[in-house]
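Here is a short tour of a few helices and some aromatic rings. Keep the viewer open while you read.

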Amino acid sequence: MDFDTELADTWVRALAAAVEKEQGRLTELDSAIGDGDHGSNLQRGFAAAVTALDGLEADGPGAVLTKTGTTLISKVGGASGPLYGKAFRAIGAALPGPAGPAALAEALSAGLDAVRALGKAEPGDKTIVDAWTPAVAAFRAAAASGATLPEAAAAAAGAAEQGARDTVPLQARKGRASYLGERSIGHQDPGATSTALLFRTLATVTAP
């Protein structure tokens with residue numbers, strides 16, 4: 001199985017549905033340490049992305065993800081739009097054609113680089129990066145060992161979910177949550193949680 005145009009489109013549409021379903025939980029997490037709009041912002045952005053894809057004649061998976069990223073940047077307020085938008089655009093730029101596990105691992109790594117460059121966040125800062133970093137590492141390691149795309153995606157999803165849980169005891173050092181200082185401790189980061197949702201959705205759509 002390769003990550004092709006159809007699979008890229010399926011992933012974005014499934015992610016929009018997953019965000020719609022989890023919007024309340026994301027909002028609840030963000031209400032504790034942020035502006036309380038993470039869920040609603042992502043829901044609006046991915047709904048707009050699906051609409052944009054409805055009229056797109058994509059010539060590769062990269063076109064699908066680039067269009068998604070551009071839409072997120074233009075439609076989503078707060079930090080999540082630019083961060084996820086830049087990530088999807090970077091992933092798309094790295095995928096001009098169908099990709100196997102190793103190529104997709106590098107594309108997802110490019111997405112992480114885009115997030116880190118924009119947000120200036122490092123692992124341990126209690127952000128998206130805390131879920132995306134272990135996910136990419138797990139995906140890359142699985143691909144290097146000869147894993148199939150579904151196997152690599154499942155490994156990445158598990159690592160992202162653990163990374164999100166691991167943000168609970170951290171004190172936020174970036175973003176709105178950092179203003180709370182020690183009061184940010186004890187809460188799971190909403191951005192890391194939505195990143196885990198992104199990778200879990202990828203695992204779901206690639207599962208045999």
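## Helix α3 and what it packs on

In this predicted model, the buried residues of α3 are Pro 61, Gly 62, Val 64, Leu 65, Thr 68, Gly 69, Thr 71 and Leu 72. Their packing partners are α1, α2 and α4.

As for length, α3 covers residues 61-75, which makes 15 residues. From first C-alpha to last, α3 reaches 21 Å, close to the 21 Å you'd expect at 1.5 Å a residue.

## Aromatic pairs

Searching the whole structure turns up 5 aromatic pairs. One of them is Trp 11 with Phe 88: the ring centres sit 5.5 Å apart and the planes meet at 45 degrees, so this pair is tilted. Trp 11 belongs to helix α1 (residues 5-33) and Phe 88 to helix α4, so the pair ties together parts that are 77 residues apart in sequence. Both Trp 11 and Phe 88 are buried.

Phe 88 has another partner, Phe 46. Here the centres are 5.9 Å apart with the planes at 75 degrees, and because edge-to-face means over 60 degrees, the Phe 46 and Phe 88 pair is edge-to-face. This pair also links distant parts of the chain, with Phe 46 in helix α2 (residues 38-54) and Phe 88 in helix α4, 42 residues apart.

## The ring cluster

Which residues do ring pairs link into a cluster? They are Phe 3, Trp 11, Phe 46 and Phe 88.

How exposed are two of these? Phe 46 has 2% relative accessibility, so it counts as buried, the cut-off being under 20%. Phe 88 has a relative accessible area of 0%, so it is buried as well.

## Helix α6 and its surroundings

Further along the chain, helix α6 takes in residues 129-144. Its 16 residues should span 22 Å at 1.5 Å a residue, and the end C-alpha atoms are indeed 22 Å apart, so expectation and model agree.

Plenty of side chains to click through here: Val 129, Asp 130, Ala 131, Trp 132, Ala 135, Val 136, Ala 138, Phe 139, Ala 142 and Ala 143 are buried in α6. What covers these buried residues includes α4 (80-93), α5 (101-119), α7 (149-165) and α8 (190-206). So α4 turns up twice, because it is among the elements covering α6 and also packs against the buried residues of α3.

Just past the end of α6, have a look at the backbone of Gly 146, where phi is positive, at about 95 degrees.

Conventions: Residues numbered from 1 in each chain as written. Predicted model: local features only at pLDDT ≥ 70, side-chain atom pairs only at ≥ 80, totals over all residues. Heavy atoms only, no water. Helix = DSSP H or I, 4+ residues; strand = E, 2+ residues; numbered from the N terminus. Expected span 1.5 Å × (residues − 1). Buried < 20%, exposed > 50% of the residue type's maximum accessible area, 1.4 Å probe, protein only. Contact = heavy atoms within 4.5 Å. Phe/Tyr/Trp six-rings, centres within 6.5 Å; stacked < 30°, edge-to-face > 60°.
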